Amino acid sequence: MSDFVQLAAVAALNDGGETPRRMSEIYARRRDLVCDALAEIGVDVRKPKGTIFIWAPVPEGHTSASYCELVLAESGVVVSPGGAYGPNGEGWFRISLTVPDERLTEAMERLRSSLAR
């Protein structure tokens, strides 16, 4: 089965026209928006090369859950605690880049205004 998935991926990249490039540009723009906002509020995040999620370390003194609760209470923005994805996720939180640009921009502005250093 995995051979078929790989062949489908190759076909999509080879025959997808401009779609793969446009999607890469969209996710890169969203990645930069999120990572820049997180850096501004003091989260030490590194920009990944290709993903639809940003995984960032929780600030010192927090668990994944406690930081996500703080973010929700202070900014009204939902981020996912890494611990929900297994023990290796503890100490991290996740933000999805699949959210439309307008909502992601609003969420990052709310983070900046409520959690700035």
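Reader: Let's start with valine 43. Which residues is it in contact with, sequence neighbours aside?
Author: Setting aside neighbours within four places in sequence, valine 43 is in contact with Leu38, Ala56, Pro57, Pro59, Tyr67 and Phe93. Contact means heavy atoms within 4.5 Å.

Reader: What kind of model is this, and how are residues numbered?
Author: It is a predicted model, where local features need pLDDT of at least 70, side-chain atom pairs count only at pLDDT 80 or more, and totals for chains, interfaces and linings use all residues. Residues are numbered from 1 along each chain as its sequence is written, and side-chain values use heavy atoms, with hydrogens and water left out.

Reader: OK. Which residues of the largest nonpolar core touch the most other members?
Author: Val34, Leu38, Val43, Tyr67, Phe93, Ile95 and Met108, out of 23 residues in that core. A nonpolar core is a set of buried Ala, Val, Leu, Ile, Met, Phe, Trp, Tyr and Cys residues joined through side-chain atoms within 4.5 Å. Buried means under 20% relative accessible area, exposed over 50%, and partly exposed in between (1.4 Å probe, protein chains only).

Reader: Which elements give two or more residues to this core?
Author: Helix H2 (19-40), strand E1 (53-57), helix H3 (64-75), strand E3 (92-96) and H4. H4 supplies the largest share, five residues. Helices (H or I, at least four residues) and strands (E, at least two) are DSSP runs, numbered from the N terminus.

Reader: And the whole chain? How many helices and strands?
Author: Four helices and three strands. From the N terminus on, the order is α-α-β-α-β-β-α. The C-alpha trace spans about 45 × 30 × 20 Å along its principal axes. Of the 117 residues, 26% count as buried.

Reader: Back to H4. Arginine 112 is there. Buried or exposed?
Author: Arginine 112 counts as buried, because its relative accessibility is 19%. Its helix, H4, covers residues 101-115. Leaving aside neighbours within four places in sequence, arginine 112 is in contact with Leu33, Asp36, Ala37, Glu40 and Ile41.

Reader: What about aspartate 15? Buried or exposed?
Author: Aspartate 15 counts as exposed, because its relative accessibility is 65%. Aspartate 15 is in helix H1 (residues 2-15). Its C-alpha atom and that of leucine 97 are separated by 25 Å, and the two residues are 82 apart along the chain.

Reader: New topic: cysteines. How many disulfides?
Author: Zero. A disulfide is a pair of cysteine sulfur atoms within 2.5 Å. For cysteine 35, the nearest cysteine sulfur is that of cysteine 68, 16 Å away.

Reader: Are those cysteines buried or exposed?
Author: Cysteine 35 is buried, with a relative accessible area of 3%. Cysteine 68 is buried, at 7%.

Reader: Last one. How much space lies in the largest pocket?
Author: About 320 Å³. On a 1 Å grid over the protein atoms alone, a pocket is an open set of points where a 1.4 Å probe fits, with protein on both sides within 12 Å along at least five of seven lines; lining residues have an atom within 4 Å of a point. Grid points are joined across faces, edges and corners, and the volume is the space filled by probe spheres set on the points.

Reader: Which lining residues are closest to its centre?
Author: Val77, Val78, Val99, Arg103 and Ala107, of the 15 that line the largest pocket. H4 gives the most to this lining, with six residues.
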